[in-house]
Amino acid sequence: MTSAYEDVPFSELLHHPAATTRRLDAARGLRLRRRDAEDLALMSVERMEQDATIVDFTARLLAGMVRTENADILRRVLPEALPWVTFLPAEDRTVFLDELVATARGAVALDNLAPIAILLTQWRHSAEIHADPALHALLTREPEADLGPVPVPGVVE
C-alpha cells in the first residue's frame, strides 16, 4: 500500500473498469469523483471488514474505559483526539463521552457508522456555539415576548 485514497473520475471506472480497480493494489480505496452527484468510494471487502474490526475494537475499548476507573483519563485525553471538546462545559464532555460510547457500540452492531459521524457533527456544533460568546448569548437568551401559537404538526392551514 503506497497511498490512502486516490481520486479517480467516475467515468474512468466506467470506461476502464479492470485498470481502474487494479489501482486498489496501491491505494486503500478510490474516491470516484462525479460531476453532478456525491462522490463514491470503492474499496475491497477485505479492507472494509478490517475497518469494521478496528471500529468495533475501538468502541469496545472506549466502553470498557468508561466503565472502569480509567474514565477520568479518557476524559482528560479526549481533547487530543477532538480538540473542539475544549469548548464544551465539563458536564457536557461527560455526556458527550457517554453518548459517543453508546452510539459507537450501537453503530457497530448495525454495521452502520453514520450515527457516529452524526453525533460527532452535532457535538462539534455545540462546541462552536460555546466557543462564540455572542452566538451563545443569542441562542440561550429568553425570548422578549410570547412567540404566538404553535401550529399542530402535520396540519396545513
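**Overall form and the setting of Arg 93**

The protein carries 16 positive and 25 negative side chains. The centres of these two sets lie 7 Å apart. The model described here is predicted.

The secondary structure comprises 7 helices and 3 strands. Along the sequence, these elements follow the order β-α-α-β-β-α-α-α-α-α. The radius of gyration is 22 Å, well over the 15 Å that the globule rule gives for 157 residues, so the protein is more spread out than a compact globule. Along the principal axes, the C-alpha atoms fill a box of roughly 65 × 55 × 30 Å.

Of the 157 residues, 20% are buried. The protein exposes about 11300 Å². Carbon and sulfur atoms supply 59% of that area. Contacts across the sequence were also examined. Among those between residues at least 6 apart, 42% join residues at least 24 apart.

One residue was then followed in detail. Arg 93 belongs to helix α5, which covers residues 90–110. Its relative accessible area is 27%. Arg 93 therefore counts as partly exposed, since this class lies between the 20% limit for buried and the 50% limit for exposed.

Arg 93 touches Val 85, Thr 86 and Leu 88, when residues up to four places away in sequence are not counted. With Leu 88 there is a polar link: the side chain of Arg 93 reaches the backbone oxygen of Leu 88 at 3.0 Å. This distance falls within the 3.5 Å cut-off for a polar contact. Ala 127 is 34 residues from Arg 93 in sequence. In space, the two are 9.9 Å apart, C-alpha to C-alpha.

Methods: Residues numbered from 1 in each chain as written. Predicted model: local features only at pLDDT ≥ 70, side-chain atom pairs only at ≥ 80, totals over all residues. Heavy atoms only, no water. Helix = DSSP H or I, 4+ residues; strand = E, 2+ residues; numbered from the N terminus. Rg over C-alpha atoms; globule rule 2.2 N^0.38 Å. Buried < 20%, exposed > 50% of the residue type's maximum accessible area, 1.4 Å probe, protein only. Contact = heavy atoms within 4.5 Å. Areas by Shrake-Rupley, 256 points an atom, 1.4 Å probe, with all protein chains shown as cover. Lys, Arg positive; Asp, Glu negative; His and termini not counted. Charge placed at Lys NZ, Arg CZ, Asp CG, Glu CD. Polar contact = N/O pair within 3.5 Å; in protein donor to acceptor, adjacent residues only side chain to side chain.
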